[in-house]
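Thanks for coming, everyone. I'd like to walk you through one structure today. Please have a look at it first.

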Number of protein chains: 2
Amino acid sequence: MSTEAGFLLPLRLFVGFRQLIDAVHAELAREGHPDLRPLHGFVFQAIGRDGTTAVELGRRLGVSKQAAGKTIDGLERLGYLERASDPADARRKLVRLTDRGHAVLTRSAQIFDELRAEWATRIGPERLRALEADLVTVTGAEAFRLDVPGWFG
Amino acid sequence: MSTEAGFLLPLRLFVGFRQLIDAVHAELAREGHPDLRPLHGFVFQAIGRDGTTAVELGRRLGVSKQAAGKTIDGLERLGYLERASDPADARRKLVRLTDRGHAVLTRSAQIFDELRAEWATRIGPERLRALEADLVTVTGAEAFRLDVPGWFG
DNA sequence: CTAGGATGGTCAACGTGGTTGTCCAAAACG
DNA sequence: CGTTTTGGACAACCACGTTGACCATCCTAG
């Protein structure tokens, strides 16, 4: 039986998570995206390359459609999203990433890859793979939940 | 070189973190503490067994003293904190955990221990120790930063 | 074909939790 | 003893979540 206090485990996971996210956003800020917040990554992920609607986005993020609408407003003002009418359904407004949005998504993925490579050099690729595999084992391989926005609070 | 996409790493860390936090709060809610939010754990941790002041709490949480004051108001209303005048300094108001506050902190630690034991049975105690050690190696053994409140947003 | 329900989006009002600015009482210090 | 520093509170404001209401549009049952 290990003697490590149990409450340290979530803290260590969170520190790792936070360092990765902070590193990505520091680099993105350096490259011309100073207004992106950690939360926006989840939003981009929830919108996806194909776009979606405000209602569907709200469902994926676990918030009301109104809250999703406000989030879209903000990212639209920053130039990362655009709204387009759906020719097949006059009620719907398709929310899509702009070129700038696609660019930042692609760039984020690259930076995450680089950061993961750094981790691999520090603890070794084997240990990193083991770490990831163990996390999957213990948390279950469920699809990632994006409903983070109101989760803290 | 591993082929795992880099952006999955922070997600896996976050899922682990979130599952632990959610499990603790689900159990606490079951035991009569339905109003506690994930964030409150950081607040309790920042206050500590000995108590602090609003200004110092704000420093530890990385927020203004006014924001710290509001947070204290809320947890005071819920019966977890109490304010007491400092006999040695009439300006200061000592913020301390109530008996209820101490109880929930102790209980949380127990639950975290139980959850860690569960993880140990699923991936084995050595792998769990390795996971924790690797996280420390890669993130640095820095003291835990509690300045989480405004971090997302 | 039309009446009625379901769906997508927006507006308004509100609560919470953060911010800054101001002010006051008490302590610390020259 | 006057001045500066400190701890706390109050106010106004902003970001972001909530509900409730409303409207246009689509879908479907009769």
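So, which residues are the closest to DNA strand D? They are Ser64(A), Gln66(A), Lys70(A), Lys65(B) and Lys93(B). In total, 23 residues surround the strand. A residue counts as near a strand if one of its heavy atoms lies within 4 Å of it.

Some ground rules. This is a predicted model: local features need pLDDT of at least 70, side-chain atom pairs count only at pLDDT 80 or more, and totals for chains, interfaces and linings use all residues. Residues are numbered from 1 along each chain as its sequence is written, chains are lettered from A and ligands numbered from 1 in the order in which they are written, and side-chain values use heavy atoms, with hydrogens and water left out.

Back to strand D. Of its atoms within 4 Å of the protein, 54% belong to sugar or phosphate, and the rest to bases. Now some polar contacts, meaning pairs of N or O atoms within 3.5 Å; within protein, one must be able to donate a hydrogen and the other to accept it, and residues adjacent in sequence count only if both atoms are side-chain atoms. Lys65(B) puts a polar side-chain atom 2.6 Å from a base nitrogen of DNA strand D. Lys93(B) uses its backbone: an N or O atom there lies 2.7 Å from a phosphate oxygen of the strand. Thr71(A) has a side-chain N or O atom 3.2 Å from a phosphate oxygen of strand D.

Which element gives the most to this surface? α4(A) does, with four residues. Helices (H or I, at least four residues) and strands (E, at least two) are DSSP runs, numbered from the N terminus.

Next, DNA strand C. Here 22 residues surround the strand, and the closest are Lys65(A), Lys93(A), Ser64(B), Gln66(B) and Lys70(B). Sugar and phosphate make up 56% of the strand C atoms that come within 4 Å of the protein. Two side chains of chain A reach base oxygens of strand C with polar atoms: Lys65(A) at 2.6 Å, and Arg91(A) at 2.8 Å. From chain B, Ser64(B) has a polar side-chain atom 2.7 Å from a phosphate oxygen. On this surface α4(B) gives the most, with four residues.

How do the two protein chains relate? A rotation of 180° with 0.0 Å of shift along its axis superposes chain A on chain B, with an RMSD of 0.1 Å. The fit is by least squares on the C-alpha atoms of residues with pLDDT of at least 70 in both. That is the relation of a two-fold axis. The same surface serves both copies: 100% of the contact residues of chain A recur in chain B. Contact means heavy atoms within 4.5 Å.

Each side brings 54 residues to that contact. Together the chains bury about 6000 Å², 71% of it on carbon and sulfur atoms. Buried area is the accessible area (1.4 Å probe) lost when two parts are put together, summed over both.

Four salt bridges cross the interface, where a side-chain nitrogen of Lys or Arg must lie within 4 Å of a carboxyl oxygen of Asp or Glu. One of them joins Asp147(A) and Arg18(B), at 3.3 Å, N to O. There are also 16 residue pairs in polar contact across the interface, both residues at pLDDT 80 or more. On the side of chain A that touches chain B, α1(A) gives the most, with 15 residues.

That's my tour. Thank you.
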